[in-house]
Amino acid sequence: MKTIWEQSYIVTDVETTGHSPFEHRISEIACVVVEGGEIVREYSTLINPHQTIPPYIANMTGISNKMASNAPEESSICSIIDELLSRSNAVFSAHNIEFDWSFAKQLLQRGGLQPPALPMLCTLKLARRMLPSDLKKNVGSLSQYFNIPVSNRHRALGDARATAQILIELMEMAEEDFGIKYFHELENFQNSKSQVFKIKSENVSKLKEISLALPTSSGIYKFFDKDENIIFIGKSKNLRAKVSTYFCPKGTKSKRHQNISKLTQHIETHETQSELEAILLEAELIKEHKPHFNKSVNKKNRYPYIKITNSDDFPKSTISYEQKEDGAKYFGPFSNSSFAQEIQKIINNNFRLIKCDFDNQAKTPKKSCIYRELDKCALPCDGPEQKEIYKDEVTKVERFLGEVSKQMVGGLDSTIYNFNALSKKLDNVLSLGKIFSKSIQAPLLIENNNLIVISPESKREQTLDIYFIKRGDFVSHFRIGKFSDIARIKSEVDVVFNNNNNIFSNGGSASKIERLQIVSSWMNKEKEKCKLVYHDEKKKGAYLEEVRNAIRNFRFA
């Protein structure tokens with residue numbers, strides 16, 4: 001049973017010459033692949049429809065008849081679309097899915113291909129099921145509601161990207177506000193009858209007024225019942241917008257919201273300087289107070305790690321969705337499970353670590369396994385131990401995982417592995433280099449993540465949020481103008497990176513492991529719109545110049 005984050009969503013948008021999939025044709029198609037809550041692949045192309053594009057469609061999309069006449073034939077596109085839709089755990093997704101699927105289906109059938117029988121997930125249906133009734137549900141309105149930047153509206157790739165981001169937001173809502181964990185639940189939920197749950201509480205109107213007076217900054221909020229017990233703790237990058245959604249006199253579409261709202265007697269909020277600080281504070285407070293309604297939200301980290309175990313003299317390499325205080329080394333997080341699995345395959349095929357259920361505590365040696373006979377394992381399970389040889393193999397794996405991103409620019413170390421040979425072992429559409437450049441921007445070992453994260457705060461004011469991360473943990477944050485003097489950054493770099501102090505943010509009851517996981521997941525989610533500048537033992541002057549250039553050249557979406 002797959003969770004909603006373990007599926008591969010092929011978010012598709014088509015531009016056409018008309019409304020009928022039988023009489024009209026596709027003039028442009030885009031597919032955006034979402035895995036683990038992140039866009040991992042994009043494909044788009046114009047297609048020659050061999051039909052005239054009506055003027056009103058040409059004006060809306062910007063696709064002229066001349067552009068279309070010079071585009072590829074649909075017969076050359078079919079195999080690519082079929083390959084995308086044939087991905088493991090694929091789900092076809094679109095906004096108004098019947099329209100896009102009917103055209104994609106006819107395209108494949110004309111190309112002599114059998115359209116795959118895929119589960120369908122419609123963002124329009126989900127939006128109608130979850131969001132306020134008075135909110136328009138088109139892509140433009142939903143993008144504005146979720147604060148999603150949209151470029152090239154009414155072009156296939158621009159709309160598919162926006163729809164993919166809308167899908168991610170809706171899945172997060174489904175998990176948090178509707179308690180949906182598994183994909184089959186979400187699939188059924190989109191087609192269920194929308195319900196409005198009335199909130200029978202004299203307090204609702206008063207709390208609505210209070211919520212509308214809250215600041216629009218980031219922070220955490222606490223809801224208290226009549227006995228002054230904290231029943232719910234949440235976080236938001238906009239306190240006013242988030243808290244006000246719980247107190248709707250006309251009712252709510254979430255049963256969970258109804259239960260929280262009718263028991264809430266008063267609200268307390270605490271502003272933070274950034275969204276990341278709000279996320280960390282929320283985790284600390286939930287762990288401290290254990291509110292009743294937070295217990296029902298049991299989120300599984302959706303970004304996988306590769307774990308090198310440390311339980312005995314012969315470590316293994318495995319995929320893990322959580323970090324534990326077990327002495328193991330954790331590399332990641334990876335952007336999605338498919339990518340982590342590809343890396344694990346590379347390790348299994350090219351490094352000689354244990355792959356079987358070898359018992360190091362066994363008193364008598366067992367018969368050599370197939371991996372040993374094929375020289376795929378350095379552990380002599382049928383003879384005397386050779387710990388140093390195995391230790392060298394583990395070191396090679398750690399170097400592969402920890403240094404691969406740095407080698408992307410300078411060329412891979414041939415003593416570790418053959419880059420070209422490994423590239424051929426991956427998916428024939430994406431080379432190893434393309435996957436790495438998309439999914440890894442840093443040394444993967446969490447403890448080596450020393451960096452500055454530059455995040456957009458206000459396009460109008462041209463301001464940026466600057467986060468300092470040391471050994472994977474959040475240390476400090478401040479806001480700076482794009483063209484401001486970087487003296488404060490220089491001073492903070494000295495404090496954070498250029499000494500040997502073990503600096504982390506003050507106190508907090510959340511464990512170190514949990515903090516590292518929160519910070520790494522936040523960076524993975526935000527990296528598309530942020531600039532990450534890694535310290536990586538660079539000389540102070542060179543690093544500051546790199547940070548200065550990253551700030552000056554930052555582009556707001």
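**A tour of one sheet and two cores**

Begin with the open sheet of 4 strands, which appears in this predicted model in the order E14-E13-E12-E15, with antiparallel pairing. Colour strand E14 (473-481) and strand E15 (531-534), and you will have marked the edges of the sheet, since each of these strands pairs on one side only. As you rotate the view, notice that neighbouring strands of this sheet are turned by 20 degrees against each other on average, direction ignored.

Next, select strand E12 (residues 451-458), which pairs with E15 in the antiparallel sense over 4 bridges. To find one particular pairing, pick Val453 and look for Leu532 in E15, which is the bridge partner of Val453. Then add helix H19 (residues 512-526), which packs on the sheet and touches E12, E13 and E14, its direction making about 40 degrees with that of E14. Now show helix H12 (residues 275-289), which lies across strand E13 (463-470) and E14, and which runs at about 150 degrees to E14.

From here, move to the largest nonpolar core, which has 35 residues, and select Tyr9, Leu121, Leu126, Leu131, Leu170 and Leu186, the members that touch the most other members. Among the elements that each supply at least two residues of this core are strand E1 (8-16), strand E2 (26-35) and helix H7 (156-178), and the largest share, 12 residues, comes from H7. Centre the view on Leu126, which touches, among others, Leu121, Leu170, Leu186 and Phe189, not counting residues up to four places away in sequence.

Finish at a second, separate core of 26 residues, where you can select Cys78, Ile81, Trp101 and Leu107, which are included in it.

Note on methods. Residues are numbered from 1 along each chain as its sequence is written. This is a predicted model: local features need pLDDT of at least 70, side-chain atom pairs count only at pLDDT 80 or more; totals for chains, interfaces and linings use all residues. Side-chain values use heavy atoms; hydrogens and water are left out. Two strands pair if DSSP finds at least two bridges between them. Axes are lines fitted to C-alpha atoms, for helices over the stretch in contact, and angles run from 0 to 180 degrees between N-to-C directions. Contact means heavy atoms within 4.5 Å. A nonpolar core is a set of buried Ala, Val, Leu, Ile, Met, Phe, Trp, Tyr and Cys residues joined through side-chain atoms within 4.5 Å. Buried means under 20% relative accessible area, exposed over 50%, partly exposed in between (1.4 Å probe, protein chains only).
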